[in-house]
Amino acid sequence: MSSAPTTKNMAATEIVIDDTFAEAFPMRATRVVITAHNLNWARIAAASMTGFATSVIACGCEAGIERELVPDETPDGRPGVAVLMFAMSSKELAKQLERRVGQCVLTCPTTAIYGGLDAGDAIPLGKNLRYFADGWQIGKMIDGRRYWRLPVMDGEFVAEENTRMTKGVGGGNLLFLARDTEAALGAAEAAVTAMRGVPNVIMPFPGGVVRSGSKVGSKYPAAMASTNDAFCPALTNLAKKTELDAGTRCVMEVVIDGLTDTDVANAMRAGLQAVIARGVDAGCTRISAGNYGGKLGPFHFHLRRLLGEGA
Amino acid sequence: MTTAFRFILRSAPRFRVDLQGLLPAADLSVTALGNRRVLHGHDAIALGDLFRIDEQPAGAEPAFSFQGDLSRFDRLGAGLAAGRIAVEGDAGDYLGLQMTGGAIELDGSAGLLAGCEMAGGRLHVAGNVGDYAAGALPGSMDGMRGGDFIIGGNAGERLADRMRRGTLVVHGDAGAFCASRMVAGTLAIGGRVGAHCGWGQRRGSLVFAGAAPALPDTFVPTDYDFRVIWQLLARSLAKRGGVFASLAARSPTRHAGDVAAGGKGEWWIAA
């Protein structure tokens, strides 16, 4: 991602919030609920299903664990995990969902899977996976929802026939500019922790944090994205354009996908506030955001407006 | 604009009355309803001669309420797609025949073929129903094929014959050949069942919450961890109250059958 021009107010006593915005895009999104015999196995299934789902650039989808669910919140009364998945098209979302459920949830001991949205277009969850049962599958309609029951070696894999798909927002982001690696990691981790308390969002990168922020395009025609050189400390004195000053030695980014733009805004605000609350002495000196000049994505999240400034 | 009407039976008719087509709608009036002619034996008779009809305060949806012994009135609510019908008393045969939506509340008992081929909506009979409830019309391949059917009392013979979809809950007993040739759906029984239960059952779920049935030779035990689907099923049925309210806390046994018809039907014995 490239960055818009910033207004820098380098007061040493507070973290500088750039006068810029994060630019986000419409995506297709769904939520599924995975339950298991205990929370450990639900987590394992969810982690497996959302593995290699950091970016649509090469993963096909972006997915992550939204939150853990207590037994009272799940359809079958077992502990569970809510997973959000985002893709650039309905077709790709359906493909990724089916593959990942088939290879990572169906295979995981004791799991069951249910749709997690009540409205939107239906996309298959267990609808096609049922054929794995080789004719032994049983369909069961309960309270208007159809479930498929597949005999498996630990008993029965229960999967709701469909989940629902909605229009989501992907690509909300914050960039934490810090004096060193420890400070940048600390800021990013604090932001991610705060954002995980916000419903309807995921931070799809490893641990919620990405160190290889990208810009659109490359000097190599085959590459659709390349390193965000303006934010690379190694290139501060080399690149044609840099966004960093000499004291910035490490930058971490948090990318946020949400079911609505309001959800993304809420998560970004929570992340901003968490890092600001730590103070500039914790080593994060500036917070910025990535955008494409406002020409590509319809959702613009202005950092200062999120904090109630200059609305 | 929605409309609501009350029908108070003047006196019991001499012959059976066919109420096919008499359904709540938005554009009705007392006069039009009173002049409407229905079959009475081999003749037609004006509804106004059978009932005293008055308009009631309109609710959210069109509604009829009947008062009196309607046990000679057949096809009450047949083909209902929307609206509500409430009956204070008994009803005749074919109550809710082929209904697809809306709701029928009967606080008495119904005759033969109640809920026959119903495909949607909610049918609640507080009392008993006769034979062939939730079944198929003669010559038809499928019986009940959707919706919620709740029977507060007992059901006659051939309950849910060829039932294909939907949920049928009987708080009392069911007669012989219950769930015979059942294709799919859910049937929960709070009392006892008669002979030949599940004869030719192809798929579908029977839940026995009150008394354990005699197991036919064509049903085999299946012993595995089925708690997930049981919780989904039991929690849904628990909303019907009565003996079903505690189902989720029970540990049932499961049998599959009729193996002579594929063996994909199941009996949950949670008595």
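**Exercise 1. The largest cavity**

Seven residues line the largest cavity: Met141(A), Ile142(A), Thr167(B), Thr186(B), Leu233(B), Ser236(B) and Leu237(B). The model is a predicted one. Work out which elements supply the lining of the largest cavity and how the lining divides by class.

*Solution.*

Step 1. Begin with the space itself. The largest cavity holds about 30 Å³. The count of cavities of 30 Å³ or more comes to one. Empty space of this kind is found by rolling a probe the size of a water molecule over the atoms.

Step 2. Assign the residues to elements. Strand S7 (138–142) of chain A and H3 of chain B each supply at least two residues of the lining. The largest share comes from H3(B), with three residues.

Step 3. Sort by class. The lining of the largest cavity has four nonpolar and three polar residues, and no charged ones.

**Exercise 2. The second largest pocket**

Find which element gives the most to the lining of the second largest pocket, and state how the lining divides by class.

*Solution.*

Step 1. Note the volume, which is about 370 Å³ for the second largest pocket. Its lining has 24 residues, and those closest to the centre are Glu73(A), Pro75(A), Tyr114(A), Gly115(A) and Arg145(A).

Step 2. List the elements that supply at least two residues each. From chain A these are strand S2 (21–35), strand S3 (62–69), strand S5 (112–115) and strand S8 (145–152), and from chain B helix H3 (227–238).

Step 3. Pick out the main contributor. H3(B) gives the most to this lining, with four residues.

Step 4. Divide the lining by class. It has nine nonpolar, five polar and 10 charged residues.

**Exercise 3. An open sheet in chain B**

Give the strand order of the open sheet of four strands in chain B, and describe how its strands pair.

*Solution.*

Step 1. Write down the order, which is S4-S3-S2-S7 (chain B), with mixed pairing.

Step 2. Identify the edges. Strand S4 (43–46) and strand S7 (73–74) of chain B are the edge strands, each pairing on one side only.

Step 3. Take the parallel pair. Strand S2 (residues 17–18) of chain B pairs with S7(B) in the parallel sense, over two bridges. Across this pair, Asp18(B) stands opposite Asp74(B) in S7(B).

Step 4. Take an antiparallel pair. Strand S3 (residues 37–40) of chain B pairs with S4(B) in the antiparallel sense, over four bridges. His40(B) has Asp43(B) in S4(B) as its bridge partner. S3(B) and S4(B) form a hairpin with two residues between them, and in the turn Gly41(B) has a positive phi of about 65 degrees.

**Exercise 4. Backbone angles in loops of chain B**

For Glu117(B), Ala160(B) and Asp258(B), give the loop in which each lies and the backbone feature found there.

*Solution.*

Step 1. Glu117(B) lies in the loop between strand S9 (103–106) and strand S10 (119–125) of chain B. Its phi is near 60 degrees, a positive value in a residue other than glycine. Glu117(B) counts as buried because its relative accessible area is 6%, and buried means under 20%.

Step 2. Ala160(B) lies in the loop between strand S11 (145–151) and strand S12 (165–170) of chain B. Although Ala160(B) is not a glycine, its phi is positive, at about 65 degrees. Its relative accessibility is 0%, so Ala160(B) is buried.

Step 3. Asp258(B) is placed in the loop between strand S16 (253–257) and strand S17 (265–269) of chain B. The peptide bond from Gly257(B) to Asp258(B) is cis, with omega near -10 degrees.

**Exercise 5. Two acidic residues**

Decide whether Asp54(B) is buried or exposed, do likewise for Glu161(A), and list what each touches.

*Solution.*

Step 1. Asp54(B) lies in strand S5 (residues 51–56) of chain B. Asp54(B) is buried because its relative accessibility is 18%.

Step 2. The side chain of Asp54(B) makes a polar contact with the side chain of Gln56(B), at 3.0 Å. Leaving aside neighbours within four places in sequence, Asp54(B) is in contact with Ala4(B), Phe5(B), Arg6(B) and Val30(B).

Step 3. Glu161(A) is in the loop between strand S9 (155–160) and strand S10 (162–178) of chain A. With 16% relative accessibility, Glu161(A) counts as buried.

Step 4. Not counting residues up to four places away in sequence, Glu161(A) touches Ile123(A), Pro124(A), Leu125(A), Gly126(A), Lys127(A), Arg130(A), Arg146(A), Tyr147(A) and Trp148(A).

Technical notes:
Residues numbered from 1 in each chain as written. Chains lettered and ligands numbered in written order. Predicted model: local features only at pLDDT ≥ 70, side-chain atom pairs only at ≥ 80, totals over all residues. Heavy atoms only, no water. Pairing = 2+ DSSP bridges. 1 Å grid on protein atoms, 1.4 Å probe; cavity = no way out; pocket = protein on both sides within 12 Å on 5 of 7 lines; lining within 4 Å. Points joined across faces, edges and corners; volume = space filled by probe spheres on them. Nonpolar A, V, L, I, M, F, W, Y, C, P; charged D, E, K, R; others polar. Buried < 20%, exposed > 50% of the residue type's maximum accessible area, 1.4 Å probe, protein only. Polar contact = N/O pair within 3.5 Å; in protein donor to acceptor, adjacent residues only side chain to side chain. Contact = heavy atoms within 4.5 Å.
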